[in-house]
Amino acid sequence: MALYDIRDARFARLILPNERLDLLWTGGRWCEGPAYFPAGRYLVWSDIPNDRVMRWDETDGSTSVFLQPCLNHNGHTTDARGRLVSCEHRGRAVSRVEHDGSRRVLADRFDGKRFNSPNDVVVKSDGTVWFSDPTYGIDSDYEGDAAPSELGANCVYRIAADGTLSRVVDDLVQPNGLAFSPDERLLYVADTGRTHVPDCTPKIRAYPVGADGASLGPGRDFAICDSGLFDGFRVDTAGNVWSSAGDGVHCFSPEGELLGKIFVPEVVANLCFFGPKRNRLAICATTSVYSIYVRARGC
Ligand code: MG
């Protein structure tokens, strides 16, 4: 099977023709939420049904259990101070690991009602934390604890520096992965609502960030998925969007054109750039984590 599907000449300049897909680790049930720690040269990711966070050491290629149990973490990111920010299905919260190793809950309810199951998270350069809250972690006991939704809505939220919460996206069926454009003038959000509503188009929407840096304008469709669903994704320094999909990684121009694909042998849920140059993709794909070098650098 070919490794690449080059749809546009621009994609040929974003990949390395001699590269291969490396298998970093296998043995999970549903790998998600990769995040890279440049100071320690390691990756972490979630193995959600097994209720653990894994850690891959870049210095020797070894993998170990970083945290178990972990309240069924899903998405992860790192903030500007190098702290791990986590979405907890079972905790129904967004939390942060402090420098002393303690867990601090950043948000666990809105209007007095518990979140559904925070799924993915991004930290803006101003330190605010933005996260999605679909229902996957309360739909069954497989990836969390089955429970009814208290909020009755699946939205994206923003945590201000002082902890104040605001609801910023409410027009998606199941908001999922999210990331900012390099200039932070756009917030991209994936909708995986097809898991619950058969005619829901799998897509990434783009929302303009207001001049206040906090509010969002009306969204527009940015890209439609032609294989499975877009779940988590990342943006490179040129503004290209590298997304998970059913058949691998799809790369879109800043205008939303499909430039090409990297085929992966398992369904991809999420990815992140890593390595000292941030020019390598860590790809969480069902039971495994793969990697590949690209000619792009992550934001
Ligand atoms: Mg997700």
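**Exercise 1.** Find the residues that Ile262 is in contact with, leaving aside its neighbours within four places in sequence.

*Solution.* Start with the cut-off: contact means heavy atoms within 4.5 Å. Then go through the list: Ile262 touches Leu3, Tyr4, Phe11, Trp242, Asp247, Gly248, Val249, Leu281, Ile292 and Val294.

A quick word on the model: it's predicted, so local features need pLDDT of at least 70 and side-chain atom pairs count only at pLDDT 80 or more, while totals for chains, interfaces and linings use all residues. Residues are numbered from 1 along each chain as its sequence is written, and side-chain values use heavy atoms, with hydrogens and water left out.

**Exercise 2.** Which residues have the most contacts inside the largest nonpolar core, and which strands feed it?

*Solution.* First, the term: a nonpolar core is a set of buried (under 20% relative accessible area, 1.4 Å probe, protein chains only) Ala, Val, Leu, Ile, Met, Phe, Trp, Tyr and Cys residues joined through side-chain atoms within 4.5 Å. The largest one has 21 residues, and Phe11, Trp242, Ile262, Leu281 and Ile283 have the most contacts inside it. Next, the strands (DSSP runs of E, at least two residues, numbered from the N terminus): β23, β24, β25, β26 and β27 each supply at least two residues. The largest share, three residues, comes from β26.

**Exercise 3.** Which residues coordinate the magnesium ion?

*Solution.* Look for donors, meaning N, O and S atoms within 2.8 Å of the metal (3.2 Å for Na, K and Ca); water is not among the atoms, so sites may look incomplete. Glu32, Asn119, Asn176 and Asp231 turn up, at 2.1 to 2.7 Å. Asn176 lies in β17 and Asp231 in the loop between β20 and β21, so this pair ties together parts 55 residues apart in sequence. Last, check burial: Asn176 is buried at 2%, and Asp231 counts as buried at 11%.

Definitions and conventions:
Helices (H or I, at least four residues) and strands (E, at least two) are DSSP runs, numbered from the N terminus. Buried means under 20% relative accessible area, exposed over 50%, partly exposed in between (1.4 Å probe, protein chains only).
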